[in-house]
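Dear colleague,

I am passing on the structure we spoke about, and below it you will find an account of what came out of it. Please keep it open beside this message as you read.

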Amino acid sequence: MSAVNFYHLTRTPLEKTLPRLLEKVLAGGMRAVVMCDSDARLEALDAHLWTYDQGSFLPHGRERDGDPADQPIYLTRKEENPNGAGVLVVTDGIEATHLDQFQRCLDLFDGNDEAAVAAARDRWRRLREAGHEVTYWAQNAGGGWERKG
């Protein structure tokens with residue numbers, strides 16, 4: 001069973017949180033697949049990961065770039081793992097059904113959207129009942145993360 005970490009974004013948006021989490025994934029010697037729900041989100045994240053920090057970038061690719069096995073971070077709308085990643089990052093309320101392909105899943109959701117919070121609670125409950133190790137991380141006043149469950 002995969003470990004699933006829920007990240008309740010209240011102080012920083014996805015665009016600020018995602019790069020920091022992906023930096024940690026790469027620093028840990030792992031690869032990631034980032035799954036989003038629309039072509040517009042895919043385009044935005046693709047551009048953002050190259051430019052989010054003037055002193056850094058996150059090497060990544062997507063289907064149109066070719067050679068998915070060579071990508072440390074792979075962006076997609078599909079349920080796939082073409083780069084042999086150990087970490088799946090889901091955004092936009094996606095409920096992935098292929099968690100068995102990953103060691104860990106990071107579920108990032110907008111904590112300022114009541115519908116997104118309710119949907120995340122439902123995903124958390126279903127995954128826990130299915131036997132996954134689930135944890136819940138909330139942002140504190142300083143923007144750091146505190147484990148809540």
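A residue is called buried here when its relative accessible area is under 20%, exposed when that area is over 50%, and partly exposed in between. Please bear in mind throughout that this is a predicted model.

With that cut-off in hand, I would start with a pair in which both partners, Asp107 and Arg123, are buried. Their side chains form a salt bridge, in which the closest N and O atoms are 2.8 Å apart. Because Asp107 belongs to strand E6 and Arg123 to helix H3, the pair ties together parts of the chain that are 16 residues apart in sequence.

Two other salt bridges lie within single helices. Side chains of opposite charge can pair when their charged atoms come close. An α-helix has 3.6 residues a turn, so residues three or four places apart point the same way. In helix H1, which covers residues 14-27, Arg20 and Glu23 are three residues apart, about one turn of the helix, and their side chains meet in a salt bridge with an N to O distance of 3.2 Å. Glu23 has a relative accessibility of 26% and therefore counts as partly exposed, and Arg20, with a relative accessible area of 41%, is also partly exposed. Helix H3 holds Asp122 and Arg125, again three residues apart and about one turn of the helix, and this pair forms a salt bridge at 2.5 Å, N to O. Asp122 is partly exposed at 32% relative accessibility, and Arg125 is partly exposed at 37%.

Beyond these pairs, Glu43, Asp46, Arg62 and Arg64 are linked in a network of salt bridges. The count for the model comes to 13 salt bridges.

Helix H1 deserves a closer look. At 1.5 Å a residue, its 14 residues should span 20 Å, and the C-alpha atoms at its ends are 20 Å apart, so the expected and the computed spans agree. The buried residues in H1 are Leu14, Thr17, Leu18, Pro19, Leu21, Leu22 and Val25. After the helix comes Gly29, whose phi is positive, near 80°.

Which residues does Thr17 touch, leaving aside those up to four places away in sequence? The contacts of Thr17 are with Leu9, Thr12, Leu108, Gln139 and Trp145. Thr17 itself lies in helix H1, and it counts as buried because its relative accessible area is 5%, which is below the 20% limit.

Finally, there is the largest pocket to consider. Rolling a probe the size of a water molecule over the atoms shows where empty space is left. The largest pocket holds about 270 Å³ of space. Its lining is made up of 17 residues, and those that lie nearest its centre are Leu9, Leu14, Arg41, Phe109 and Asp110. By character, the lining residues divide into six nonpolar, five polar and six charged. Strand E6, residues 104-110, and helix H3, residues 114-129, each supply at least two residues of the lining, and E6 gives the most, with three residues.

Some of these names recur between the sections above: Leu14 is among the buried residues of H1 and is also one of the residues nearest the centre of the largest pocket, while Leu9 is likewise one of those nearest the centre and is touched by Thr17.

With best wishes

Definitions and conventions
Residues numbered from 1 in each chain as written. Predicted model: local features only at pLDDT ≥ 70, side-chain atom pairs only at ≥ 80, totals over all residues. Heavy atoms only, no water. 1 Å grid on protein atoms, 1.4 Å probe; cavity = no way out; pocket = protein on both sides within 12 Å on 5 of 7 lines; lining within 4 Å. Points joined across faces, edges and corners; volume = space filled by probe spheres on them. Helix = DSSP H or I, 4+ residues; strand = E, 2+ residues; numbered from the N terminus. Nonpolar A, V, L, I, M, F, W, Y, C, P; charged D, E, K, R; others polar. Salt bridge = Lys/Arg side-chain N within 4 Å of Asp/Glu carboxyl O. Buried < 20%, exposed > 50% of the residue type's maximum accessible area, 1.4 Å probe, protein only. Expected span 1.5 Å × (residues − 1). Contact = heavy atoms within 4.5 Å.
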